[in-house]
Amino acid sequence: MASANHTNLDPSVFFLLGIPGLESVHFWFSLPVCSICLVTVLGNCTTLLAILSEPALHKPMYLFFCMLSLIDLVACASTLPKMLSIFWFNAGWIDANACLVQMFFIHSFCMMESTVLLAMAFDRYVAICHPLRYAAIFTNAITVKIGLAAIARGSLLMFPCPFLIRRLSFCRTNVIPHTYCEHMAVVKLACGDTTVNRVYGLAAALLVIGVDLLFIGLSYFLIVRAVLRLSSQKARAKAFSTCGSHLCIILISYTPALFSFFSHRFGHRVAPHIHILLANLYLLFPPMLNPVIYGVKTKEVRNRVVRVF
């Protein structure tokens, strides 16, 4: 740690501190992180196995579940091994290029997940508001194209960020007070002008979180309006139940993400360990809870999982 704070920095490496102020209890944090890792891998692999092995589930809604599971598995694989090495062995040193690659994967896959959640909101809107046209609008081919668009959107929006960071100089410290290479956490270490990085990061976040939440909100406004017009209370309850799992995932995905986003820019009074803990929740909880929520709330997936095992 002493060498990490020296003025003659090696710009080719960074040191991930973990959770600032709570280094003495890193081992105890590793226990729930390990449990989350096991549940995430088991739950998402089970979801993929259950859906892909059942031809009757090869429909747009279930294919979106598969996309979320794949995104969650890759996102966790890019963060959890290094996080556990920090908690267990204080092995926070990370090559600068590896740090930038990790940053790219984390943020681009979070953007991809947001795109898939938006597509699922539109899927529910068409299924409830235009049921007779659903089969014509949401074909498997269209679903695959949406998945490719999610990959392209996340990759292209995040692609400039590593190159924008490479142009910065780090003359104060190379210690990142975080458990992973988060974009703004790295930018804050630079001693030069970081206006371009901050503006681009803000613009990319608004293009994803802002736009997606706007259209998700619009979709559910139209869904609620259509459902309330139904004469049967049973039909209204059934319509709302089809959206329940998606709404739960939206809440657990966007709430900590928005807090992390705003606290980096405006939350100067937020304690560092609180910010880092919530940033970890933002990465760890949705991948763990997605298959659990969808497995419990979606009867077809639940029945298929029971048959598989």
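Which residue does a disulfide join to cysteine 99? The partner is cysteine 181, with an S to S distance of 2.0 Å; a disulfide is counted here when two cysteine sulfur atoms lie within 2.5 Å. Some conventions come before the rest. This is a predicted model, in which local features need pLDDT of at least 70 and side-chain atom pairs count only at pLDDT 80 or more, while totals for chains, interfaces and linings use all residues. Residues are numbered from 1 along each chain as its sequence is written, and side-chain values use heavy atoms, with hydrogens and water left out.

Confidence is given as pLDDT, the predictor's score for each residue from 0 to 100. The protein has a mean pLDDT of 86, and 95% of its residues reach 70 or more. Confidence is highest in helix H6 (residues 140-158), at a mean of 94, and lowest in helix H10 (residues 233-265), at 76. Residues 1-6 have a pLDDT below 50, and this stretch has 14 contacts in the model beyond near neighbours in sequence; a contact means heavy atoms within 4.5 Å. Where pLDDT is low, the predicted coordinates should not be read in detail. Helices and strands are DSSP runs numbered from the N terminus, helices being H or I with at least four residues and strands E with at least two.

The strands are a convenient place to start. Three of them form an open sheet of mixed pairing, in the order S2-S1-S3. Strand S2 (93-95) and strand S3 (175-176) are the edge strands, each pairing on one side only. Two strands are said to pair if DSSP finds at least two bridges between them. S1 (residues 13-16) pairs with S3 in the parallel sense over two bridges, and with S2 in the antiparallel sense over three bridges. Phenylalanine 15 has a bridge partner in each edge strand: valine 175 in S3 and tryptophan 93 in S2. Helix H4 lies across S1, S2 and S3 and runs at about 85° to S2; the axes are lines fitted to C-alpha atoms, for helices over the stretch in contact, and angles run from 0 to 180 degrees between N-to-C directions.

Next comes the packing. A nonpolar core is a set of buried Ala, Val, Leu, Ile, Met, Phe, Trp, Tyr and Cys residues joined through side-chain atoms within 4.5 Å. Buried means under 20% relative accessible area, exposed over 50%, and partly exposed in between, with a 1.4 Å probe and protein chains only. The largest nonpolar core has 42 residues, and those with the most contacts inside it are Phe14, Phe170, Ile176, Cys181 and Val186. Helix H4 (residues 96-129) gives the largest share of this core, seven residues. Apart from this core lies another, of 37 residues, including Met112, Ala239, Ile249 and Tyr294. Residues up to four places away in sequence aside, isoleucine 176 touches Phe14, Phe15, Leu16, Leu17, Cys99, Cys181, Ala185, Val186 and Leu189.

Two of those contacts, Cys99 and Cys181, lead back to the opening question. The model has one disulfide by the distance rule. The link of cysteine 99 and cysteine 181 is left-handed, with -125° about the S-S bond. Cysteine 99 lies in helix H4 and cysteine 181 in the loop between S3 and helix H8 (183-187), so the pair ties together parts that are 82 residues apart in sequence. Both cysteines, 99 and 181, are buried. Cysteine 45 is in no disulfide, and the nearest cysteine sulfur, that of cysteine 37, is 10 Å away. Cysteine 45 is partly exposed, at 37% relative accessibility. Cysteine 161 is also in no disulfide, the nearest cysteine sulfur being that of cysteine 99, 13 Å away. Cysteine 161 is buried, at 3% relative accessibility.

Two helix residues show further packing. Threonine 40, in helix H1 (residues 26-52), is buried with a relative accessible area of 1%. Beyond its neighbours within four places in sequence, threonine 40 is in contact with Leu73, Cys76, Leu284, Pro287 and Met288. Proline 291, in helix H11 (residues 272-297), is buried at 9%. Its C-alpha atom is 5.5 Å from that of glycine 43, although the two residues are 248 apart along the chain.
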